[in-house]
Amino acid sequence: MSARLEGHCLCGAVLIAVDRMAGGAYACHCSMCRRWSGAAMWGFATPADAVSVSGGIARYRSSAFAERAWCPECGTHLWIRDDGADYELTPGLFDDAADMPLDREVYADRAFACVRLAGDHPKVSRADYERDNPFVEGDAP
Ligand SMILES: [Zn+2]
Ligand SMILES: [Zn+2]
């Protein structure tokens, strides 16, 4: 995988370039990510100063501490970002992310049957995730 990634949304109105990443991809099975993404959310962390974006962006404050962004033309989901933190971009925006490894699953004990992932990557339960990170009350199966 190249150090620089260039990607775009489905319609091409939003272009995103990434100069470096903080790691591989994660999958999240929390109720908000399931609802937003269909069943599970995939993302990878990228420092804000390594991301450049062009095109119009729609944003939604999905919690007191985070936003979710998408292309207002085609609806492609672009990122989740906690305030002041790294972007968590979706790997599917970038053709060159095909070999990005899966670093971990969070809310792994909440995964729907259709997205239970095989492999020996770390699987973080809801309880373990919420002990160490900000979260939204009320996650439920
Ligand atoms: Zn678009
Ligand atoms: Zn989530």
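Donors here are N, O and S atoms within 2.8 Å of the metal, and water is not among the atoms, so sites may look incomplete. With that in mind, the zinc site of this predicted model is a good place to start. Along the chain, the donors of the zinc ion (ligand 2) follow the spacing C-x1-C-x2-C. They are the SG atoms of Cys28, Cys30 and Cys33, which coordinate the zinc ion at 2.2 to 2.3 Å. Cysteine 30 and cysteine 33 are both buried.

One of these zinc ligands, Cys28, turns up again in the pocket. The largest pocket comes out at about 560 Å³ in volume. It is lined by 32 residues, and Cys28 is among the closest to its centre, together with Tyr26, Asp82, Glu88 and Tyr129. As for the make-up of the lining, 18 residues are nonpolar, 7 are polar and 7 are charged. Quite a few elements pitch in: at least two lining residues each come from α1 (31-37) and from the strands β3 (25-28), β4 (41-46), β6 (58-63), β7 (66-70), β8 (77-82) and β10 (102-106). As a reminder of how such spaces are found, rolling a probe the size of a water molecule over the atoms shows where empty space is left.

Now to the sheets. An open sheet of 8 strands runs in the order β6-β7-β8-β9-β4-β3-β10-β11, and its pairing is mixed. Its edge strands, β6 and β11, each pair on one side only. The β3, β10 and β11 end of that order can be followed residue by residue. β3 pairs with β10 in the parallel sense, over 4 bridges, and here alanine 27 sits opposite glutamate 105 of β10. On to the next pair: β10 and β11 (residues 123-124) are also parallel, with 2 bridges between them. Glutamate 105 appears here too, with lysine 123 as its bridge partner in β11. Glutamate 105 thus links up with alanine 27 as well as with lysine 123. For orientation, in a regular strand the side chains alternate between the two faces of the sheet.

There is also an open sheet of 3 strands, ordered β1-β2-β5 and paired antiparallel. At its edges lie β1 (5-8) and β5 (51-54), each of which pairs on one side only. From one strand to the next the twist averages 15 degrees. Strand β2 (residues 15-18) is joined to β5 by 4 bridges, and the two run antiparallel. Within this pairing, leucine 15 has serine 54 of β5 as its bridge partner.

The loop between β10 and β11 deserves a closer look, starting with tyrosine 107, which lies in it. Most residues other than glycine have a negative phi, and most peptide bonds are trans. Tyrosine 107, however, has a positive phi, near 55 degrees. This tyrosine has a relative accessible area of 3%, which falls under the 20% cut-off, so tyrosine 107 counts as buried.

Valine 115 has its place in that loop between β10 and β11 as well. At 14% relative accessible area, valine 115 is again under 20% and therefore buried. Its C-alpha is 8.8 Å from that of histidine 29, although 86 residues separate valine 115 and histidine 29 in sequence.

Conventions
Residues numbered from 1 in each chain as written. Chains lettered and ligands numbered in written order. Predicted model: local features only at pLDDT ≥ 70, side-chain atom pairs only at ≥ 80, totals over all residues. Heavy atoms only, no water. Donors = N, O, S within 2.8 Å, 3.2 Å for Na, K, Ca; no water. Buried < 20%, exposed > 50% of the residue type's maximum accessible area, 1.4 Å probe, protein only. 1 Å grid on protein atoms, 1.4 Å probe; cavity = no way out; pocket = protein on both sides within 12 Å on 5 of 7 lines; lining within 4 Å. Points joined across faces, edges and corners; volume = space filled by probe spheres on them. Nonpolar A, V, L, I, M, F, W, Y, C, P; charged D, E, K, R; others polar. Pairing = 2+ DSSP bridges. Axes fitted to C-alpha atoms, helices over the stretch in contact; angles between N-to-C directions.
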